[in-house]
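Biologist: I would like a close look at one part of this model, the lining of the second largest pocket, and then at what lies around the rest of the fold. To begin, how do the residues of that lining divide by class?

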Amino acid sequence: MTDSLIYCAAKAPKSFNPQISHDVATLDATTHQLYNRLVKVDPISQRFSADIASHWEVNDAKTEYTFYLRKDINFHHTAYFKPSRQLNADDIIFSFKRMLSQDHPFYSINNAINNELYNRPFSGLVGDIIKIDQYTLRFLLNKPNATLLANLAAHYAVIHSQEYGQQLLLAGHPEKIDYSPIGTGPYQFKSITNNRVIRYQAHRTPWQAPANINNLIFDITPNSSKRYAKLLSGECDIMTNPASSQVDQISKNPKVALSSKPTGNISLIALNSKKAPFNDVAIRHALSEAIDLKTILSAVFFETAMSTQNLLPDHSWAYNPRISKATYTPQESLVELKKNHFDFSRTIRILAPAKNSIFNPNFYKTAELIQANWAEIGVKSVIVLLNATELNQVLSHGDYDIYLTGKNPYIKDPDNLFRPLLSCNASPLEGNTSQWCDAQVQSLLDTTLLEVNFIQRVKNYYQLQEYIQAQRIYQPIAHMLRFDVFNKYISNLQVNSLTGINFQFVKKGNVINKEETQ
């Protein structure tokens with residue numbers, strides 16, 4: 001069926017609103033399918049471009065952003081909601097005030113406030129949103145900040161219908177706003193059956209380029225082997241998240257295509273710069289270059305990650321390809337340790353979470369490999385695995401030598417990665433597990449946050465990356481990969497590592513006979 005597209009997903013979404021749910025399954029099911037945002041990121045140039053807003057202006061003080069809306073945007077027309085008007089400024093204010101104002105009738109609906117990311121991106125940033133007229137509004141910032149556009153382009157900045165919200169309030173069912181969604185995106189929601197099958201249909205009166213395929217179906221299949229079997233039999237056209245053990249086999253199958261995209265998720269070794277001997281840059285360099293990162297990548301991450309020397313992934317607009325690379329040179333490391341009077345009688349504490357995460361599929365194995373590398377040059381270490389509560393206590397007291405951790409940035413702006421890791425104002429619990437505080441770094445972070453000139457921001461972040469690499473307070477291990485597999489008759493599939501999969505432009509050619517795929 002060329003008019004239907006079946007996507008075999010690993011999990012069902014937690015909701016149909018990325019404002020309150022930030023898991024990958026929810027992003028895939030919602031962000032690009034159901035909704036639009038004020039601005040978006042151009043996939044080629046990585047610059048901000050128009051979406052619901054046709055254009056915008058920034059005042060000289062960089063505290064006011066004025067957005068001018070398109071005048072032809074239709075909301076979804078479904079069995080449960082029939083809009084009486086097109087999108088206007090009231091819908092934008094309704095959508096953002098839900099996250100910003102405790103007086104908003106939807107502020108705490110569906111326990112949204114219990115999600116740590118729910119209003120954090122905007123609560124300290126946006127002071128107010130003012131309606132100028134039906135198609136013009138202004139964001140007033142608490143202080144100058146260049147990350148507003150990145151936040152507005154993020155997955156959680158989707159626009160809802162104020163009229164639909166009012167209808168739900170009158171009906172006494174405000175909770176439906178997150179589970180029976182209404183948006184302006186290329187697809188509109190039809191149904192979900194037993195948390196197993198989700199059906200969408202193309203937006204009936206689209207304001208943007210219409211979806212190429214009318215019927216979109218999510219087939220929730222938790223088992224990766226079953227997902228792949230369905231792909232091969234033609235029961236689904238696209239599948240996500242193959243098992244690491246399947247990747248090599250899939251890559252050799254001429255009937256399917258394997259897409260791998262580096263995510264922003266990064267696995268890190270943090271060296272506690274406030275604690276001797278890690279307060280010595282020479283010691284940090286020597287110990288980090290005695291770690292065999294290549295072996296860690298193959299033994300722990302298998303095919304699910306790509307090695308990196310940089311905190312930023314290479315698809316970031318601020319990625320600096322020219323920073324110096326760490327090398328695995330254990331004998332030279334030993335010479336440097338002796339030269340800098342390292343105390344070989346002490347035992348280094350390698351701290352790690354007891355529970356594995358999206359940053360690292362096996363913290364203990366990683367720690368073991370580091371321990372073995374150091375033992376080869378006479379450096380003693382002990383591995384300490386702690387649960388979340390115990391970890392928080394240790395981190396808050398700073399009682400550790402190195403810590404195996406990671407970071408999952410939720411917007412594209414580099415400040416979202418660098419500030420938690422490097423700012424003097426960020427605690428270990430907020431991300432600064434190296435306990436780093438440096439006047440030059442802090443100045444770069446703060447001045448770049450105010451800089452609206454794109455080229456200058458890039459230069460500043462290049463300088464920051466070079467300085468941090470020279471200081472070696474973090475040792476990046478790997479950026480996690482996202483895998484999607486699709487039959488060769490599928491084209492124009494777009495996957496964004498931060499905002500999810502996009503089916504709007506997918507085309508479906510002649511379907512191969514099932515017998516030919518077996």
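Modeller: The lining of the second largest pocket divides into 15 nonpolar, 15 polar and six charged residues. Here Ala, Val, Leu, Ile, Met, Phe, Trp, Tyr, Cys and Pro count as nonpolar, Asp, Glu, Lys and Arg as charged, and the others, Gly among them, as polar. Please keep in mind that this is a predicted model, in which local features need pLDDT of at least 70 and side-chain atom pairs count only at pLDDT 80 or more, while totals for chains, interfaces and linings use all residues. Residues are numbered from 1 along each chain as its sequence is written, and side-chain values use heavy atoms, with hydrogens and water left out.

The second largest pocket holds about 760 Å³ of space. Of the 36 residues that line this pocket, H32, V41, P43, Q494 and N496 are the closest to its centre. A pocket is found on a 1 Å grid over the protein atoms alone, as an open set of points with protein on both sides within 12 Å along at least five of seven lines; a cavity is a set where a 1.4 Å probe fits but cannot get out, and lining residues have an atom within 4 Å of a point. Grid points are joined across faces, edges and corners, and a volume is the space filled by probe spheres set on the points.

Several elements meet at the pocket: α1 (24-34), β2 (39-41), β12 (256-271), β19 (494-496) and β20 (500-502) each supply at least two lining residues. β19 has the largest share, with three residues. Helices (H or I, at least four residues) and strands (E, at least two) are DSSP runs, numbered from the N terminus.

β12 leads us to an unusual backbone spot. P277 sits in the loop between β12 and α8 (281-288), and the peptide bond from A276 to P277 is cis, with omega near 5 degrees. Most residues other than glycine have a negative phi, and most peptide bonds are trans. A second spot to look at is K62, which is not a glycine yet has a positive phi of about 65 degrees.

K62 lies in the turn of the hairpin that β4 and β5 form with five residues between them. This hairpin belongs to an open sheet of four strands, in the order β4-β5-β7-β6, with antiparallel pairing. β4 and β6 stand at the edges with a single partner strand each, so one side of each has no neighbour in the sheet. From one strand to the next, the twist averages 20 degrees. Two strands pair if DSSP finds at least two bridges between them.

You can follow the sheet pair by pair. Five bridges join β4 to β5; in β5, W56 has F67 as its bridge partner, and V58 has Y65. F67 also has a bridge partner in β7, namely L137. β5 (residues 64-69) and β7 (residues 136-141) run antiparallel and are joined by five bridges. β6 (residues 126-133) pairs with β7 over six bridges, and these two strands form a hairpin with two residues between them. In this hairpin, D133 stands opposite T136.

Now to some helices. α13 (residues 415-422) and α14 (residues 439-450) pack at about 150 degrees, with their axes 11 Å apart. Axes are lines fitted to C-alpha atoms, for helices over the stretch in contact, and angles run from 0 to 180 degrees between N-to-C directions. α13 and α14 are therefore roughly antiparallel; angles under 35 degrees count as roughly parallel, over 145 as roughly antiparallel, 65 to 115 as roughly perpendicular and the rest as oblique. α14 and α15 pack at about 160 degrees, with their axes 10 Å apart. That makes α14 roughly antiparallel to α15 as well. The crossing of α13 and α14 is left-handed, and so is that of α14 and α15. A crossing is left-handed if the near helix is turned anticlockwise from the far one by less than a right angle, and right-handed if clockwise.

α15 (454-471) also brings us to an enclosed space: with three residues, α15 gives the most to the lining of the second largest cavity. That cavity holds about 80 Å³ of space. Its lining includes F418, Q465, I468, Q469 and Y474, and by class has six nonpolar, four polar and no charged residues.
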